Amino acid sequence: MLHIGGTPVTIVDFETETRRAIALDDRHVTHNYSPLPVVAAHAEGVWITDVEGRRHLDCLAAYSAVNFGHRHPEVIATAHAQLDAVTLVSRAFHSDRLGPFCAALAAMCGKDMVLPMNSGAEAVESALKVARKWGTDVKGVPAGLGNIVVAANNFHGRTTTIISFSDDETARRGFGPYTPGFRSVPFGDADALAAVIDEHTVAVLLEPIQGEAGIIVPPADYLPRVRRLCTDRGVLMIADEIQSGLARTGRTFACDHWDVRPNVYLLGKALGGGVVPLSAVVADRDVLGVLHPGEHGSTFGGNPLAAAIGSTVVAMLERGEYQERSAHLGRVLHEQLRGLIGHGVLEVRGLGLWAGVDIDPALGSGKQISLRLAERGVLVKDTHGSTLRFAPPLVITEDEITWAVDQFTAVLTG
């Protein structure tokens, strides 16, 4: 203990504090994640400061939940104001924030109605229920016979139903029995999709760009063909835009790159402004109208705090600046990353500020490269062994992109 002017002062060993924080997590936090050894204490914009005072450039953005940067002033101002008013009443009552939020979000999507939920997986689960109910009530599929077509290597969450149609053995192993009613076909193969749709098919569920699989962009004609197939066969097209939507790819929705409008949008992550969990199923009345009181619900879904923040996020997106930033800065990011092909990088994929980078396995695994980058102040995360994902907040600058790629270059060549 040090005494300054008679006052005892504790000297903090920050490295010890880091070790203590990680050790505490290891003892008391369920090990369903394998985080990098960085302990965040503060964040603003694109930068995260750890407990040792070191700054890290966030190139993951919480898997797109922080599209607008950490603690965006408009979002934080809305949150503070709503905290002083009302935060939760459940859907047992109306709130003055829910209706305006749903109206604004529906208008942005070109749809009639919104089913507000919390997590992305909740939005997916809700859409699966809605699709099955629509199949029974509207399409006339006999109860219990409706099937839903999904894409191989998908990622829609890790609930019991969702892992039932996942190819990820880590997510599936030991969690059966699995929920029936799903048919999986290769992503990007419209012919395979056409072959499995039958009279009992109620929906096709797809990520327009597959995120967890490594930022896989489909062939140019794929989504338009899926849209035509769904229309011709009387099947709902459900687009999971939870990671790809809300300006991440340079357009409001990834589907916009192909001028495709699904029957149902699934949104989440960035919808909560990086502050609260908020997700939504957005569709026309002839789809969401199949739900009646008591058939589905969520205590926190559409709570006033989340609705207020969601309204601010929609207003920010309506200005178009984030879509423009993502498109322009995405070109900068991809050009610089492609310059590393042949120098430790095998392939670069993606759109906007979303890139999947395949690393030469001879240089190490994706996790090992992520650790080396973290040591140099750049935070990314690996997927599928040797693929890294770059998805910085949309408020990043060209200079910050160049700095991050310089650190990546140093890791690959060092």
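This report walks through a pair of packed helices, a buried strand and a four-stranded sheet in a predicted model.

## Two helices side by side

Let's start with H12, which covers residues 321–338, and H14, which covers residues 398–413. Their axes sit 10 Å apart, and the packing angle comes out at about 20°. Angles under 35 degrees count as roughly parallel, so that is the label H12 and H14 get relative to each other. As for handedness, the crossing of H12 past H14 is right-handed.

Who does the touching? On the H12 side you'll find His328, Leu329, Val332, Leu333, Gln336 and Leu337. They meet Glu398, Ile401, Thr402, Val405 and Phe408 of H14. Sorted by class, this contact comprises 7 nonpolar, 3 polar and 1 charged residues.

## A strand covered on both faces

Next up is E11, a strand spanning residues 264–267. Val264 and Leu266 are on one side of E11, Tyr265 and Leu267 are on the other, and all of them are buried. In other words, both faces of this strand are covered.

E11 also has pairing partners. With E10 (residues 236–240) the pairing is parallel and runs over 3 bridges; here isoleucine 238 is set opposite valine 264 of E11. With E12 (residues 279–283) the sense is antiparallel, and 4 bridges make the link. In that pairing, leucine 267 faces alanine 280 of E12. Both arrangements fit the usual picture, in which strands of a sheet pair through backbone hydrogen bonds, either parallel or antiparallel.

## The four-stranded sheet

Further along there is an open sheet built from 4 strands, ordered E13-E14-E17-E16, with antiparallel pairing. E13 (345–350) and E16 (381–383) are the edge strands, each pairing on one side only. On average, neighbouring strands here are turned by 30° against each other, ignoring direction.

Zooming in on one edge, E16 is joined to E17 (residues 387–390) by 3 bridges, and the two run antiparallel. Lysine 381 is found opposite arginine 389 of E17 in this pairing.

## Helices on the sheet

Which strands does H13 lie across? This helix, residues 366–375, lies across E14 (355–359), E16 and E17, and runs at about 45° to E17. H14 packs on the sheet as well, where it touches E13, E14 and E17. The direction of H14 makes about 15° with that of E14.

That brings us back to the start: H14 packs on the sheet and also packs with H12.

Methods. Residues are numbered from 1 along each chain as its sequence is written. This is a predicted model: local features need pLDDT of at least 70, side-chain atom pairs count only at pLDDT 80 or more; totals for chains, interfaces and linings use all residues. Side-chain values use heavy atoms; hydrogens and water are left out. Axes are lines fitted to C-alpha atoms, for helices over the stretch in contact, and angles run from 0 to 180 degrees between N-to-C directions. Angles under 35 degrees count as roughly parallel, over 145 as roughly antiparallel, 65 to 115 as roughly perpendicular and the rest as oblique. A crossing is left-handed if the near helix is turned anticlockwise from the far one by less than a right angle, and right-handed if clockwise. Contact means heavy atoms within 4.5 Å. Ala, Val, Leu, Ile, Met, Phe, Trp, Tyr, Cys and Pro count as nonpolar, Asp, Glu, Lys and Arg as charged, and the others, Gly among them, as polar. Buried means under 20% relative accessible area, exposed over 50%, partly exposed in between (1.4 Å probe, protein chains only). Two strands pair if DSSP finds at least two bridges between them.
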